[in-house]
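Trainee: I have a model open and would like to go through it with you. Could we start with the words I need?

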Amino acid sequence: MSGDYAFYLWGSYSVTFLLLLLEVVFLLKRKREAKA
Amino acid sequence: MKWFWYASPQTFYPLAGRMAPWFAAAAALLCIAGLYVGLVVAPSDAQQGEVYRVIYIHVPAAWMSMFIYVVMAGWAAFGLAFNTRLSGMMASALAPTGALFTAIALWTGSLWGRPTWGTYWVWDARLTSELILLFLYLGFIALQAAIDDPRRADRAGALLAIVGAVNIPIIHYSVVWWNTLHQGASVSVTRAPTMAAQMLTGLLLMALAFWMYTIAVTLVRVRCIIREREG
């Protein structure tokens, strides 16, 4: 899907979900530290 | 519902803990459904081809960036007016996710703009005001981090959040007030949809997914803040 525009399309989706995943990872780390 | 009972951080803490997993599960399910409709079911755009599918994350992220700021400024104003501890904590908990969605809106908009406009960036009113929104979020986070006393940090942050709220109508109406390269609103509550039903469904499912995600991470973060501040 997306032909010549694959970089723009998948560049958008991959960075978005990577950033959301990073937020969750950092939040869970903060949660563990807050409980310690 | 005992609203004032839950306004206390100590009583809100367990409630937030019980609600967060449900919102996280709803976010995951809505996201799967939204991605399926947006990437598989919805047809290609007649003019833009497949690259238009960036809108399924760009538009909901841009909506969330503004909506979260309004809610954050609302909590901040409430805390400033009534001196409630939870309000400042909620404002602090919302800011990182608001900044994240603003960055996502700018990033995805830039990647959509290159093949459709021929440029990653242009200093038009919509893009510039959205960039200012990112700076407002970062300024709010930095200001709070720079002040040791949490209650003073809440009050200082609240002032910045309230003053910065003037930027939200500027972002929203920028495409009306000025002649921008950015197109007008894609979806309006006062107009009939101008896109195919499957496209609109995918867009709304992703917007709901981002909304549920925001509530889930905010509830987890506010629990961290309550623990860090009040033990």
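Mentor: Let us begin with accessibility: a residue is called buried under 20% relative accessible area, exposed over 50%, and partly exposed in between, using a 1.4 Å probe and protein chains only. This is a predicted model, in which local features need pLDDT of at least 70 and side-chain atom pairs count only at pLDDT 80 or more, while totals for chains, interfaces and linings use all residues. Residues are numbered from 1 along each chain as its sequence is written, chains are lettered from A and ligands numbered from 1 in the order in which they are written, and side-chain values use heavy atoms, with hydrogens and water left out.

Trainee: Okay, so what does the secondary structure of chain B come to?

Mentor: Chain B has seven helices and zero strands, where helices (H or I, at least four residues) and strands (E, at least two) are DSSP runs numbered from the N terminus. Read from the N terminus, the order in chain B is therefore α-α-α-α-α-α-α.

Trainee: And chain A, how many helices there?

Mentor: Chain A has one helix and zero strands, and its C-alpha atoms fill a box of roughly 50 × 10 × 5 Å along the principal axes. Of its 36 residues, 31% count as buried.

Trainee: Back to chain B, what radius of gyration does it have?

Mentor: The value for chain B is 19 Å, which agrees with the figure near 17 Å for a compact globule of 231 residues. The radius is taken over C-alpha atoms, and the globule rule is 2.2 Å times the number of residues to the power 0.38. Along the principal axes, the C-alpha atoms of chain B fill a box of roughly 55 × 35 × 30 Å, and 48% of the 231 residues count as buried.

Trainee: What about the accessible surface of chain B?

Mentor: The accessible surface of chain B is about 11100 Å², with 69% of that belonging to carbon and sulfur atoms. For chain A the accessible surface is about 2400 Å², and carbon and sulfur atoms have 68% of that. These areas come from the Shrake-Rupley method with a 1.4 Å probe, and for residues only the protein chains shown count as cover.

Trainee: Switching to single residues, is B:Asn83 buried or exposed?

Mentor: B:Asn83 counts as exposed because its relative accessible area is 51%. This residue lies in the loop between helix H2 (55-82) and H3 of chain B, and its phi is near 55 degrees, a positive value in a residue other than glycine.

Trainee: Which helix is B:Ser87 in, then?

Mentor: B:Ser87 sits in helix H3 of chain B, and with a relative accessible area of 2% it is buried. The side chain of B:Ser87 makes a polar contact with that of B:Thr84 at 2.4 Å. A polar contact is a pair of N or O atoms within 3.5 Å; within protein, one must be able to donate a hydrogen and the other to accept it, and residues adjacent in sequence count only if both atoms are side-chain atoms. Not counting residues up to four places away in sequence, B:Ser87 touches B:Trp75, B:Phe78 and B:Gly79, where contact means heavy atoms within 4.5 Å.

Trainee: And what about B:Leu86, where is its place?

Mentor: B:Leu86 is also placed in helix H3, which covers residues 85-117 of chain B, and at 4% relative accessible area B:Leu86 is buried. Its C-alpha atom is 8.3 Å from that of B:Ile226, although the two are 140 residues apart along the chain.

Trainee: What does the side chain of B:Ser174 make a polar contact with?

Mentor: Its partner is the side chain of B:Arg126, at 3.1 Å. B:Ser174 belongs to helix H6 (residues 167-177) of chain B and is buried because its relative accessibility is 0%. Leaving aside neighbours within four places in sequence, the contacts of B:Ser174 include B:Ala125, B:Ser129 and B:Thr180.

Trainee: Last one, what is B:Val51 in contact with, leaving aside its neighbours within four places in sequence?

Mentor: The contacts of B:Val51 outside that range are A:Tyr5, A:Tyr8 and A:Leu9, together with B:Trp112, B:Pro115 and B:Thr116. B:Val51 is found in the loop between helix H1 (9-41) and H2 of chain B, and with a relative accessible area of 1% this residue is buried. The C-alpha atoms of B:Val51 and B:Pro115 are separated by 8.0 Å, with their positions 64 residues apart along the chain counted as the distance apart.
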